[in-house]
Amino acid sequence: MTSEPPTNSPDNLPKVPTHIAIVMDGNGRWAASRGLPRLAGHRAGTENLRRIIRACVDFNIKILTIYAFSTENWGRPSEEVEGLMMILEDVIDKELDELNAEGVQLRHIGRLDQLNQRLREKVLHAVETTKNNSKLTLCIAWNYGGRDEIICAIKHMIKEGVDPEEIDEDRVNRYMFTAGIPDPDLLIRTSGEMRISNFLIWQSAYSEWYITPTLWPDFDREELQKALQAYNQRDRRFGKLSTACDKV
Ligand code: IPE
Ligand code: IPE
Ligand code: MG
């Protein structure tokens, strides 16, 4: 008797995106709906991230980029900002060894110079420790803004005296925080907001969007599977014609 593949098997997903990027939104609303402080939502969101990292490994996704702290998030009350910084520190302290053992390579995108020295060193240490891992690249967007990234790239090119005639898409890619990482195939935003909020504005030119009302702490493996199923229905044309269309 042939058994059906389990519903969470990658066998059911012929097209597996190489790179998924997630705007992990809705932690505050998740907490508010339970009468909890916002930071409790951020902690629940962090626990969920652990589950989603495992699911990505199981689904054979090679790169996961997570939007965890934007350049605009500094505008939140200082207790929330400080709490978020502590959560990142905690995650690195508690999870680094396990992530390393699981073959996860950590990368950071964004600006480290505005973080306190201890956190900056922890992030750099985590990146260095995991740099030879290849099971999954987990790219943490922390103090990240798409516009800031473009400004940094322009400044960098000018400082290096790049000839304007030599500026093309490949060159710009190499000056982005994401240098060497392919563009996201699938961009997920939880909590129903339909905006990009300054995330990967250069890299997402042809990413497929998937927006779900589910709040980030509730976005589990099954929800990820639904996003992957939706991705499998998409016809990515990149401005050309569908491969299914053979008549003009
Ligand atoms: C996303 O959750 C996490 C961060 C922005 C750090 P929010 O904190 O934005 O949650 P909501 O949107 O207020 O529910
Ligand atoms: C985007 O969420 C940033 C992160 C998830 C880190 P926000 O909650 O900050 O975005 P807006 O304010 O709704 O656009
Ligand atoms: Mg939000």
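Good morning. Let me begin with the shell around ligand 1: its residues divide into three nonpolar, five polar and five charged. I should say at once that this is a predicted model.

In all, 13 residues surround ligand 1. The closest are Asp25, Gly28, Arg29, Arg38 and Arg76.

Let us now turn to individual contacts. The side chain of Asp25 has an N or O atom 2.9 Å from an oxygen atom of ligand 1. The backbone also takes part in such pairs. A polar backbone atom of Gly26 is 3.4 Å from an oxygen atom of the ligand, and for Asn27, a backbone N or O atom lies 3.2 Å from a ligand oxygen atom. As for coverage, ligand 1 on its own has 370 Å² of accessible area, and the protein covers 86% of this.

Which elements give two or more residues to the shell around ligand 1? They are helix H1, residues 27-32, helix H2, residues 38-58, and helix H3, residues 78-101. H1 gives the most, with three residues.

I shall close with H3. This helix has 24 residues, and at 1.5 Å a residue they should span 34 Å. The C-alpha atoms at its ends are 35 Å apart, so the expected span and the model agree. H3 also bends, by about 55°, at Glu95.

Which residues of H3 are buried? They are Glu80, Val81, Gly83, Leu84, Met85, Ile87, Leu88, Glu89, Ile92, Leu96 and Leu99. Please note that Glu80 and Glu89 are among the buried residues of this helix. Thank you for your attention.

How values were computed:
Residues are numbered from 1 along each chain as its sequence is written. Chains are lettered from A and ligands numbered from 1 in the order in which they are written. This is a predicted model: local features need pLDDT of at least 70, side-chain atom pairs count only at pLDDT 80 or more; totals for chains, interfaces and linings use all residues. Side-chain values use heavy atoms; hydrogens and water are left out. A residue is near a molecule or strand if one of its heavy atoms lies within 4 Å of it. A polar contact is a pair of N or O atoms within 3.5 Å; within protein, one must be able to donate a hydrogen and the other to accept it, and residues adjacent in sequence count only if both atoms are side-chain atoms. Accessible areas come from the Shrake-Rupley method with a 1.4 Å probe; for residues, only the protein chains shown count as cover. Helices (H or I, at least four residues) and strands (E, at least two) are DSSP runs, numbered from the N terminus. Ala, Val, Leu, Ile, Met, Phe, Trp, Tyr, Cys and Pro count as nonpolar, Asp, Glu, Lys and Arg as charged, and the others, Gly among them, as polar. The expected span of a helix is 1.5 Å times one less than its number of residues. The bend at a residue is the angle between axes fitted to the seven residues ending there and the seven starting there. Buried means under 20% relative accessible area, exposed over 50%, partly exposed in between (1.4 Å probe, protein chains only).
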